[in-house]
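Here is a short walk through one model, starting at a loop and working outwards. Have the structure open while you read.

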Amino acid sequence: MARLMWTDSFALGITSIDEQHKRFLDALNELLDAQDASGQACLASTLIDRLKAYAAEHFHVEEGYMQAFAYPGYEEHLMEHEHFLDTVRHFEDACANGGVESAKLLDYLLNWMAQHLTGVDRQMGRYLEEYLR
Ligand SMILES: [Fe+2]
């Protein structure tokens, strides 16, 4: 499964968020590497826990900024974050049930990441940059 490499097209121009996004992407890529190495990312419980913890922490930061600066797209953005966390839960459920759907769910997370960074995160970045630059 291909890694998702960081490119400038993902950058929002807000250093603190861009650095978090790179680490968030790294955490997902490590899980994808585990899938490639053993065919079983389900076995990489430390990496799964790290991705979950990192996603929760990073989403919390973004949501805090959006609320602090009354971002109008907050609710829609929140739903995307919830959707990511739900999918990670589905991934864990799939693992608990033999891992049949786990690779498909990882692929979904990969696509989510690319679309989220270039979609709602970019829109949020344009709004926040006037406050955070
Ligand atoms: Fe986001």
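Where does Phe69 lie? Phe69 sits in the loop between H2 and H3. Keep in mind that this is a predicted model.

Is Phe69 buried or exposed? Neither, quite: Phe69 is partly exposed, because 14 other C-beta atoms lie within 10 Å, while a residue needs 20 or more to count as buried and 12 or fewer to count as exposed. Leaving aside residues up to four places away in sequence, Phe69 touches Leu128 and Tyr131. Glu129 is 60 residues from Phe69 in sequence, yet the two are 11 Å apart in space, C-alpha to C-alpha. Next comes Ala70, just after H2, with a positive phi of about 50°.

Now the helices around that loop. H2 covers residues 45–68, and its buried residues are Ile48, Leu51 and Glu62. Helix H1 (15–38), helix H3 (74–96) and helix H5 (120–132) are among what covers them. In H5, the buried residues are Asp121, Met124 and Leu128, and they pack against H2, H3 and helix H4 (102–118). So Leu128 turns up twice: it is buried in H5, and it is touched by Phe69. An α-helix has 3.6 residues a turn, so residues three or four places apart point the same way.

How do the lengths of H2 and H5 work out?

| Helix | Residues | Expected span | End C-alpha distance |
|---|---|---|---|
| H2 | 24 residues | 34 Å | 34 Å |
| H5 | 13 residues | 18 Å | 17 Å |

At 1.5 Å a residue, the expected span of H2 agrees with the distance between its ends, and the same check comes out in agreement for H5. H5 does have a kink of about 35°, centred on Arg126.

Stepping back to the whole chain, there are five helices and zero strands, running α-α-α-α-α from the N terminus. The radius of gyration is 15 Å, close to the 14 Å that the globule rule gives for 133 residues, so the chain is as compact as a globular protein of that length. Along its principal axes the C-alpha trace spans about 45 × 25 × 20 Å. Of the 133 residues, 20% count as buried. Among contacts with a separation of 6 or more, 68% join residues 24 or more positions apart.

As for confidence, the mean pLDDT of the chain is 94, and 100% of its residues reach 70 or more. By element, H3 has the highest mean pLDDT (97) and H1 the lowest (92).

Key. Residues are numbered from 1 along each chain as its sequence is written. This is a predicted model: local features need pLDDT of at least 70, side-chain atom pairs count only at pLDDT 80 or more; totals for chains, interfaces and linings use all residues. Helices (H or I, at least four residues) and strands (E, at least two) are DSSP runs, numbered from the N terminus. The expected span of a helix is 1.5 Å times one less than its number of residues. Two residues are in contact if their C-beta atoms, placed from the backbone, lie within 7 Å. pLDDT is the predictor's confidence in each residue, from 0 to 100. The bend at a residue is the angle between axes fitted to the seven residues ending there and the seven starting there. The radius of gyration is taken over C-alpha atoms; the globule rule is 2.2 Å times the number of residues to the power 0.38.
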